[in-house]
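Subject: Structure for you to look through

Hello,

Here is the structure I promised you. Please open it next to this email and follow along as you read.

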Amino acid sequence: MTKLSSDHFPADDRTLLLLGLLTEQDRHGYEINDFIERNLDAVIRLKKATAYQLLARLEGHGLIESRAEALGQRPTRRVFHLTEAGRSHFQRLLAEHLPRSEALIPEGNVPVMFSEHLPPAEVLAALRERLAGAEEQLAAAQAAAERSPCTSSVGLALERILWLTRADRDWLRGAVARLERELGAGDGTSTG
């Protein structure tokens with residue numbers, strides 16, 4: 001297989017994650033996906049199919065290598081190994097990504113922008129539902145943070161998720177309270 005230059009490989013968080021997981025030890029695809037689902041689900045979303053596609057691309061770019069491994073009666077699996085080029089690429093990506101301050105543009109802002117096109121009671125009901133979802137997300141993030149994170153840096157990432165989720169929950173609480181006051185003042189009754 002012809003190896004491609006790593007300079008033109010996507011430099012996103014998913015690439016950084018997969019390379020990072022291979023810095024400590026070789027891993028097979030199922031192990032990588034299982035680790036992400038069990039330990040990092042609150043930090044990053046990465047579907048199995050996407051992970052396998054990215055692993056194939058990483059290998060095509062010479063950043064990782066794979067070998068077939070058979071253990072007993074188990075089916076043969078592909079075990080991935082980080083190459084020196086991959087280690088260098090990982091270090092470069094990490095150094096580039098860590099200091100970046102990115103605009104926080106959460107999904108769900110667009111419907112908020114146009115919410116005045118719905119009856120106020122419907123907007124209030126929708127935001128109450130969103131608030132309940134944020135409370136569930138916060139509980140899940142707290143549970144993930146309470147489990148012993150695999151590294152202290154994963155703990156930092158989980159802490160960030162907690163802070164951001166709390167901020168969204170608090171905004172929703174304020175928005176719901178404001179709409180409740182406005183609706184209560186508009187028709188003389190209290191909504192609650």
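Start with the second largest pocket. Three helices each give at least two residues to its lining: H5 (109–113), H6 (120–146) and H7 (152–187). Keep in mind that this is a predicted model. The volume of this pocket is about 300 Å³. Its lining counts 16 residues. Nearest the pocket centre are Pro111, Val112, Ser115, Val123 and Leu127. What is the chemical make-up of the lining, in nonpolar, polar and charged residues? Ten are nonpolar, two are polar and four are charged. How can empty space be found at all? Rolling a probe the size of a water molecule over the atoms shows where it is left.

Stay with two of those helices for a moment. Ala139 sits in H6. Leu164 belongs to H7. Is Ala139 buried, partly exposed or exposed? Its relative accessible area is 42%, so Ala139 is partly exposed. Leu164 has a value of 34%, so this residue is partly exposed too. Now look across the sequence. Ala139 and Leu162 are 23 residues apart in the chain, and their C-alpha atoms are 9.2 Å apart in space. For Leu164 and Leu138, the separation is 26 residues in sequence and 9.3 Å from C-alpha to C-alpha.

Next, the overall layout. The protein has seven helices and three strands. Read from the N terminus, the order of elements is α-β-α-α-β-β-α-α-α-α. Of the 192 residues, 31% are buried. Take the contacts between residues at least 6 apart in sequence: 62% of them join residues at least 24 apart.

Now the sheet. It is open and has three strands, in the order S1-S3-S2, with antiparallel pairing. Why do S1 and S2 (64–69) each have a side without a neighbour in the sheet? Both stand at the edges with a single partner strand each, so one side of each is left free of a sheet neighbour. S2 and S3 (residues 77–82) run antiparallel and are joined by six bridges. One place to check this pairing is Glu69, whose bridge partner in S3 is Arg77.

Arg27 is worth a click. This residue lies in strand S1 (residues 27–28). Is Arg27 buried or exposed? The relative accessible area of Arg27 is 11%, and the cut-off for buried is under 20%, so Arg27 counts as buried. What does its side chain reach? The Arg27 side chain comes to 2.7 Å from the backbone oxygen of Leu21. Set aside the neighbours within four places in sequence, and Arg27 contacts Leu21, Leu22, Ile32, Phe35, Arg78, Val79 and Phe80. Arg78, Val79 and Phe80 fall within the range of S3, residues 77–82.

Last, go to Asn33. You will find Asn33 in helix H2 (residues 29–39). Its relative accessible area is 3%, so Asn33 is buried as well. Which residues does Asn33 touch, not counting those up to four places away in sequence? They are Lys47, Lys48, Ala51 and Tyr52.

That is the tour. Write back with any questions.

Best wishes

How values were computed: Residues are numbered from 1 along each chain as its sequence is written. This is a predicted model: local features need pLDDT of at least 70, side-chain atom pairs count only at pLDDT 80 or more; totals for chains, interfaces and linings use all residues. Side-chain values use heavy atoms; hydrogens and water are left out. Helices (H or I, at least four residues) and strands (E, at least two) are DSSP runs, numbered from the N terminus. Buried means under 20% relative accessible area, exposed over 50%, partly exposed in between (1.4 Å probe, protein chains only). A polar contact is a pair of N or O atoms within 3.5 Å; within protein, one must be able to donate a hydrogen and the other to accept it, and residues adjacent in sequence count only if both atoms are side-chain atoms. Contact means heavy atoms within 4.5 Å. Two strands pair if DSSP finds at least two bridges between them. On a 1 Å grid over the protein atoms alone, a cavity is a set of points where a 1.4 Å probe fits but cannot get out, and a pocket is an open set with protein on both sides within 12 Å along at least five of seven lines; lining residues have an atom within 4 Å of a point. Grid points are joined across faces, edges and corners, and a volume is the space filled by probe spheres set on the points. Ala, Val, Leu, Ile, Met, Phe, Trp, Tyr, Cys and Pro count as nonpolar, Asp, Glu, Lys and Arg as charged, and the others, Gly among them, as polar.
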